[in-house]
Amino acid sequence: YLDDLNLIIEKSIVKPKIAIVGHSDTGKSTLINSLLGAEKMPASWTPTTSIAVYIKHISDRPAFIHENAWVFANRLGKEKEWDESKLNDEEYCKSWKIAEGDADILRTYGIRQGTKHDKEAGSAVVFVDSPILNTCDIVDLPGYGTERKSDDAITFGLSKRVDVIIYLSQANAFMRGDEFDHLKQL
């Protein structure tokens, strides 16, 4: 009885999802790399991230995933985005998957400078062995306020499905007028 109860409790406890949000070029991916203790997310002084990247502990990787990163399509049929809550559904994930490999695959599919980001990719999941990921999952989102409206849509859409939002602002432009509008949407 106690073993069954313990299993039920373990399954019902979900790690909080923390989204790093802000204008493009505020250091969101750089902060995530610092928190992880490793350079896993592509970062640059220009707007870089172009998809939602779910970062999870390596122990959260389902048995059917053998690589450290999977990239998912930006749409499948009528569905517009991959649902991270279905990560353990093998058939579902395989139907959305367009690429697999190490975290470096994000440089092809997950950044503006990548060769396939506009055409195919919508999100990715990356598994990292980092202590912080034992207590939470991190979501790296595109910066908003760029020339690409899809960045805003990804950021505002996913920020509604996370537990904690960490908002980054440029030090020399803290709380510009448009930031109040963005914070209201968040």
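1. Ser 24 is buried, and its relative accessible area is 15%. The position belongs to the loop that runs between S1 and H2. Across the fold, Ser 24 and Ser 169 are 145 residues apart along the chain, yet a distance of 9.2 Å separates their C-alpha atoms. The model discussed here is predicted, and every value in this note is to be read with that in mind.

2. On the overall make-up: the protein has 6 helices and 7 strands. Read from the N terminus, the order of these elements is α-β-α-β-β-α-β-α-β-β-α-β-α. The protein has 186 residues, and 45% of them are buried.

3. On contacts and surface: taking contacts between residues at least 6 apart in sequence, 72% join residues that are at least 24 apart. The accessible surface of the protein is about 10,000 Å², and carbon and sulfur atoms account for 53% of that area.

4. On the main core: in soluble globular proteins, nonpolar side chains tend to be buried together. Here the largest nonpolar core contains 23 residues, and Ile 55, Val 126 and Ile 138 have the most contacts inside it. At least two residues of this core come from each of strand S1 (17-22), helix H2 (28-36), strand S2 (52-57), strand S3 (69-73), helix H4 (106-109) and strand S5 (121-128). S5 gives the largest share, with 4 residues.

5. On Ile 55: leaving aside residues up to four places away in sequence, Ile 55 touches Ile 32, Leu 36, Met 41, Val 126, Val 128, Leu 133, Asp 137, Ile 138 and Asp 140. A second core, separate from the one above, has 21 residues, among them Ala 19, Tyr 54, Ile 65 and Leu 141.

6. On Tyr 109: this residue lies in helix H4. Is Tyr 109 buried or exposed? Tyr 109 counts as buried because its relative accessible area, 9%, falls under the 20% cut-off. Tyr 109 and Phe 72 are 37 residues apart in sequence, and the C-alpha atoms of the two are 9.3 Å apart in space.

7. On the second largest pocket: the space in this pocket comes to about 330 Å³. Its lining consists of 14 residues, and Lys 56, Asp 60, Glu 84, Asn 88 and Asp 137 are the closest to the pocket centre. Sorted by class, the lining holds 8 charged, 3 polar and 3 nonpolar residues. Asp 137 thus appears twice in this note, as a lining residue of the pocket and as a contact of Ile 55.

Note on methods: Residues numbered from 1 in each chain as written. Predicted model: local features only at pLDDT ≥ 70, side-chain atom pairs only at ≥ 80, totals over all residues. Heavy atoms only, no water. Buried < 20%, exposed > 50% of the residue type's maximum accessible area, 1.4 Å probe, protein only. Contact = heavy atoms within 4.5 Å. Areas by Shrake-Rupley, 256 points an atom, 1.4 Å probe, with all protein chains shown as cover. 1 Å grid on protein atoms, 1.4 Å probe; cavity = no way out; pocket = protein on both sides within 12 Å on 5 of 7 lines; lining within 4 Å. Points joined across faces, edges and corners; volume = space filled by probe spheres on them. Nonpolar A, V, L, I, M, F, W, Y, C, P; charged D, E, K, R; others polar. Core = buried A, V, L, I, M, F, W, Y, C linked by side-chain atoms within 4.5 Å.
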